[in-house]
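Hi there,

Here is the structure we talked about, ready for you to open. Have a look at it first, and then read on for what turned up.

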Amino acid sequence: MSGLHLDGIHKSFGDVDVLHELDLDVPDGTLLTLLGPSGSGKTTLLRIAAGLERPDRGRIGMDDRDVTDVPPARRNVAMVFQGFALFPHMTVAENIGFGLAARKTPRAEIRRRVEEAALLAGCQHLLDRRPGELSGGEQQRAALARGLARRPGVFLLDEPLSNLDAPVRAGMRADLMRLQRRIEGTMLYVTHDQAEALTMGDLVAVLDRGTVQQVGPPEELYRRPSNRLVATFLGTPGMNVLPAVVDGGQLRLGPFRLPLPRGVQPGPRVEVGIRPAAVRIGDPARGEPATVELVEVAGEDAYVHLRAGEIRVVAAVPARARPQAGDQARVAFDPDDVYVFDADTGATLGYPA
């Protein structure tokens, strides 16, 4: 049971079920990002792994042993919180070594581990400063070094970069990935930022309402989502999901007609998913007439909001080739780029070719 293993975890607070018989494996040496909307149970799951909460049911495996009933101090785990949780009256060196000192570690060993951890986290030049003298990114490095000094078998990180400005966050993301590969550590990284989850994780798990919806490599979740929730949660801007009617061997979406993808049965009520990059506009020889309602420019890209009859979609196009609000355009969907979902359950029925 090297790594971290959560088996059948159930947790309720009063009448509210937060986690439902949840299973999750973080293999040894893997960085798994846990992604989900607010209230999905991410932080509760992390606190259970750390031993700060006890599950109502289920078992926790770590370092080849069952740690379900082991107190936090005796688990080989370090947790980095969203808030930096540094003691303001202590220097960075004292903050990093605080946990070791509390365990009566010899001073020479504390000093050696503090210097080693600070070097790994990139804050070795800050050891004599106090938290009030540091930027947000520097404080986060000190918090990471404090966890590293313990030499944990498992790292638990609860949205550790969410309080940082975007440029600092991007740099820290890259540094964290390099750090994880250098120490070959097992990390469970909680985030609500899907770009962060996809770029950082060896594996990504999507959590919703206390249940793991899908686990796998980032590209697999993006290209072959198991259900509508996973599909719409990943990607910027989000996937277009449109009500459709199965009409013989075709999908009918307002004025649009698409062939029914192979393997999709015509029985269930369906919805069609199309990523904005797969919406084609501007070709006068194909598609249906549409009106450009809104254009959002995001650097090199533009997101074009279109209405064709009762159908509204967003297309992603190069900013330099964007139309203007009020323009008329023709819109088409490539049949090879279409996802099909069961309208009742949300399960994915068909993928792009």
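**The E20 corner**

Let me start with a pair you can click on straight away: Val340 stands opposite Gly350 in strand E21. Before going further, please keep in mind that this is a predicted model. Val340 belongs to strand E20, which covers residues 339–342. E20 and E21 (residues 348–350) run antiparallel and are joined by 2 bridges.

E20 has another partner too. Strand E14 (residues 270–274) is antiparallel to E20, with 4 bridges between them. One place to see this is Glu271, whose bridge partner in E20 is Phe341.

Which way do the side chains of E20 point? Tyr339 and Phe341 go one way, while Val340 and Asp342 go the other. That fits the general pattern, in which the side chains of a regular strand alternate between the two faces of the sheet. In E20, residues on both sides are buried: Tyr339, Phe341, Val340 and Asp342 all count.

Now look at the turn. The hairpin of E20 and E21 has 5 residues between the strands, and Gly346 there takes a positive phi near 85°. Is Gly346, in this loop, buried or exposed? Its relative accessibility is 2%, and the cut-off for buried is under 20%, so Gly346 counts as buried. Leaving out neighbours within four places in sequence, Gly346 is in contact with Asn227, Arg228 and Phe341. If you want a distance to check in your viewer, the C-alpha atoms of Gly346 and Ala290 are 28 Å apart, with their positions 56 residues apart along the chain.

**The six-stranded sheet**

Next, the open sheet. It has 6 strands in the order E6-E7-E8-E3-E9-E10, with mixed pairing. At the edges are E6 (77–80) and E10 (211–216), each pairing on one side only. Ignoring direction, neighbouring strands are turned by 15° against each other on average.

Within that sheet, E7 (residues 154–158) and E8 (residues 186–191) pair in the parallel sense over 5 bridges. Phe155 is a handy marker here, as it stands opposite Met187 in E8. Helix H5 (residues 166–183) lies across E3 (31–35), E7 and E8, and runs at about 160° to E8.

Thr30 is worth a click as well. You will find Thr30 in the loop between strand E2 (16–26) and E3. With a relative accessible area of 11%, Thr30 is buried. Setting aside residues up to four places away in sequence, Thr30 touches Gln180, Gly185, Thr186, Met187, Asp202 and Leu203. Met187 is also the residue opposite Phe155.

**Helix H4**

H4 (residues 136–149) has 14 residues and reaches 20 Å from its first C-alpha to its last, close to the 20 Å expected at 1.5 Å a residue. How many of the 14 residues of H4 are buried? The count is 12, so H4 is largely enclosed by the rest of the structure. Among them are Gln139, Gln140, Arg141 and Arg146, along with Leu144 and Leu148. The cover over the buried residues includes E6, helix H2 (92–102), helix H3 (107–121), E7 and H5. Just after H4, Arg151 takes a positive phi of about 55°.

**The largest pocket**

E6 and H4 come up again here. The largest pocket holds about 480 Å³ of space. It is lined by 20 residues, and the closest to its centre are Val77, Ala78, Met79, Phe81 and Arg150. E6, H2 and H4 are the elements that give two or more residues to the lining. The largest share, 4 residues, comes from E6, which is also an edge strand of the open sheet.

**The chain as a whole**

Finally, some overall numbers. The protein chain has 8 helices and 21 strands. Its C-alpha atoms fill a box of roughly 75 × 45 × 35 Å along the principal axes. Of the 353 residues, 48% are buried. Among contacts between residues at least 6 apart in sequence, 64% join residues at least 24 apart.

Cheers

Definitions and conventions. Residues are numbered from 1 along each chain as its sequence is written. This is a predicted model: local features need pLDDT of at least 70, side-chain atom pairs count only at pLDDT 80 or more; totals for chains, interfaces and linings use all residues. Side-chain values use heavy atoms; hydrogens and water are left out. Two strands pair if DSSP finds at least two bridges between them. Axes are lines fitted to C-alpha atoms, for helices over the stretch in contact, and angles run from 0 to 180 degrees between N-to-C directions. Contact means heavy atoms within 4.5 Å. The expected span of a helix is 1.5 Å times one less than its number of residues. Buried means under 20% relative accessible area, exposed over 50%, partly exposed in between (1.4 Å probe, protein chains only). On a 1 Å grid over the protein atoms alone, a cavity is a set of points where a 1.4 Å probe fits but cannot get out, and a pocket is an open set with protein on both sides within 12 Å along at least five of seven lines; lining residues have an atom within 4 Å of a point. Grid points are joined across faces, edges and corners, and a volume is the space filled by probe spheres set on the points.
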